[in-house]
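This report goes through a predicted model, starting from single residues and ending with the chain as a whole. Please keep the sequence and the coordinates in view while reading.

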Amino acid sequence: MCKGLAALPHSCLERAKEIKIKLGILLQKPDSATDLVIPYNEKPEKPAKPQRSHRGTEHYHWSRPLPEEALQWRDSLDKLLQNNYGLASFKSFLKSEFSEENLEFWIACEEYKKIKSPAKMAEKAKQIYEEFIQTEAPKEVNIDHFTKDITMKNLVEPSLSSFDVAQKRIHALMEKDSLPRFVRSEFYLELIK
């Protein structure tokens, strides 16, 4: 009788996660550079302004979203990521599946883009690389070798766009894989009631 993931030792779960990452990398090798063209909105939509709820009060992003707002997330990962409540729900869902590394990488890239100091930028770039990009990183994201190589070359002289290719790749993966699973989950279904 299966007792679920909780019955497995922690080392087994870590090993299973490593195998999942390695298999994902093998399955993701592009046939050519054109396979890496990822549709991505260069200018993300502006965050929504506070709305009036049916009770006449303003509805801010940290409060539970109205079902109509949450319904929009099915079709737009960007709208989900721009809503603090949605982002927190999505992160909780991914943690429950032991797959939060892509979202954490995306968030780290967004924070990186806000850095002004070249010294702090280089420090943060190194931290992101060591945590998410390098082989056997603690939270290694599932990107192909071509994207990894471009990112490593970009890090020779860190700039605000150093992680753009990898971030777009991860965004596309979350949109194609994580978002559809999230909108079928109890986390999401509770929000649209």
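## Two glutamates

Glu110 has a relative accessibility of 26% and therefore counts as partly exposed, since the partly exposed class begins where the buried class, under 20%, ends. The residue belongs to helix H5, and its C-alpha atom is separated by 9.8 Å from that of Asp164, a residue 54 positions away along the chain.

Glu100, by contrast in location, is placed in the loop between H4 and H5. Its relative accessible area is 18%, and because the limit for burial is under 20%, Glu100 is classed as buried. When residues up to four places away in sequence are not counted, Glu100 touches Leu94 and Lys95.

## Helix H7

Which residues of helix H7 are buried? In this helix, which covers residues 145-154, they are Thr147, Lys148 and Thr151. Viewed down the axis of H7, the buried residues fall within an arc of 100 degrees, and so they line one face of the helix. The general background is that an α-helix has 3.6 residues a turn, so residues three or four places apart point the same way.

The cover over the buried residues of H7 includes H6 and H8. At the start of H7, a side-chain oxygen of Asp144 comes to within 3.1 Å of the backbone nitrogen of Phe146.

## The nonpolar core

The largest nonpolar core of the model contains 35 residues, and those with the most contacts inside it are Phe90, Leu103, Phe105, Ile133, Phe163 and Phe182. At least two residues of this core come from each of helix H3 (77-82), helix H4 (84-96), helix H5 (101-112), helix H6 (118-133), helix H8 (164-183) and helix H9 (186-191).

Phe90 shows how such contacts are distributed along the sequence: with its neighbours within four places left aside, Phe90 is in contact with Leu77, Leu80, Leu81, Leu103, Met174, Ser178, Leu179 and Phe182.

## The chain as a whole

The protein chain has 9 helices and 2 strands, and read along the sequence these follow the pattern α-β-β-α-α-α-α-α-α-α-α. Of the 193 residues in the chain, 39% are buried.

Among the contacts with a separation of 6 or more, 60% are between residues 24 or more positions apart. The accessible surface of the protein chain comes to about 12,000 Å², and carbon and sulfur atoms account for 57% of that area.

Technical notes. Residues are numbered from 1 along each chain as its sequence is written. This is a predicted model: local features need pLDDT of at least 70, side-chain atom pairs count only at pLDDT 80 or more; totals for chains, interfaces and linings use all residues. Side-chain values use heavy atoms; hydrogens and water are left out. Helices (H or I, at least four residues) and strands (E, at least two) are DSSP runs, numbered from the N terminus. Buried means under 20% relative accessible area, exposed over 50%, partly exposed in between (1.4 Å probe, protein chains only). Contact means heavy atoms within 4.5 Å. Accessible areas come from the Shrake-Rupley method with a 1.4 Å probe; for residues, only the protein chains shown count as cover. A nonpolar core is a set of buried Ala, Val, Leu, Ile, Met, Phe, Trp, Tyr and Cys residues joined through side-chain atoms within 4.5 Å. The arc is that of the directions from the helix axis to the C-beta atoms. A polar contact is a pair of N or O atoms within 3.5 Å; within protein, one must be able to donate a hydrogen and the other to accept it, and residues adjacent in sequence count only if both atoms are side-chain atoms.
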